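Me: I've just opened this one and don't know my way around it yet. Could you walk me through it, a question at a time?

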Amino acid sequence: MKDLSIIIVSYNTKALSLNCLHSIYEQTDPTEVSFEVVFIDNNSQDGTIEEVEKLQKSRPNLKLIKNDKNLGFGKGNNQGVKEAQGEYILLL
């Protein structure tokens, strides 16, 4: 079990999402806290999914959920919470 699950919901926010993900990985020490990132994409068309998939190759604790349509922020968070394995959950 992980200590923390970080849930991120995105829709056509490639630059913001990538900045957020890079910041999480730069600022979080995995020797201090065991964490995962659950990234839910609501059918972005701006290249967000492709960029997150590239990052996923070097980050085994990054889970990507790809929706076929925009389910909205609330439903996206609910998907992330269902997938989360952390003792604590952080919704970003």
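Reply: Sure, and keep in mind that this is a predicted model. Let's start with helix 2, residues 48-56. Its buried residues are T48, I49, V52 and L55.

Me: Why are those buried residues on the same side of helix 2?

Reply: An α-helix has 3.6 residues a turn, so residues three or four places apart point the same way. Here the buried residues of helix 2 are T48, I49, V52 and L55. They end up on the same side because the arc they cover around the axis is only 125°.

Me: What covers the buried residues of helix 2?

Reply: The cover comes from several elements of the chain. Two of them are helix 1 (14-27) and strand 1 (2-10). The cover also includes strand 2 (35-41) and strand 3 (62-66).

Me: Is L64 buried or exposed?

Reply: L64 sits in strand 3. Residues count as buried under 20% relative accessible area. L64 has 18% relative accessibility, so the verdict is buried.

Me: Which residues is L64 in contact with, leaving aside its neighbours within four places in sequence?

Reply: Some of the partners belong to helix 2, whose buried residues include I49 and V52. Leaving aside neighbours within four places in sequence, the contacts of L64 are F39, I49, V52, E53 and Q56.

Me: How far apart in space are L64 and D41, C-alpha to C-alpha?

Reply: Along the sequence, 23 residues separate L64 and D41. In space, C-alpha to C-alpha, the distance is 7.5 Å.

Me: And K82, is that buried or exposed?

Reply: K82 is part of helix 3, residues 72-83. The cut-off for exposed is over 50% relative accessible area. K82 has 74%, so the answer is exposed.

Me: In what order do the elements run from the N terminus on?

Reply: The chain has three helices and four strands. Start at the N terminus and follow the elements along: the order is β-α-β-α-β-α-β.

Me: What share of the contacts with a separation of 6 or more is between residues 24 or more positions apart?

Reply: L64 and D41, at 23 residues apart, are a pair with a shorter separation than that cut-off. For residues 24 or more positions apart, the share of those contacts is 77%.

Me: What is the radius of gyration of the chain?

Reply: The C-alpha atoms fill a box of roughly 35 × 25 × 20 Å along the principal axes. A compact globule of 92 residues would have a radius of gyration near 12 Å, and the chain agrees with that, at 12 Å.

Definitions and conventions
Residues are numbered from 1 along each chain as its sequence is written. This is a predicted model: local features need pLDDT of at least 70, side-chain atom pairs count only at pLDDT 80 or more; totals for chains, interfaces and linings use all residues. Side-chain values use heavy atoms; hydrogens and water are left out. Helices (H or I, at least four residues) and strands (E, at least two) are DSSP runs, numbered from the N terminus. The radius of gyration is taken over C-alpha atoms; the globule rule is 2.2 Å times the number of residues to the power 0.38. Contact means heavy atoms within 4.5 Å. Buried means under 20% relative accessible area, exposed over 50%, partly exposed in between (1.4 Å probe, protein chains only). The arc is that of the directions from the helix axis to the C-beta atoms.
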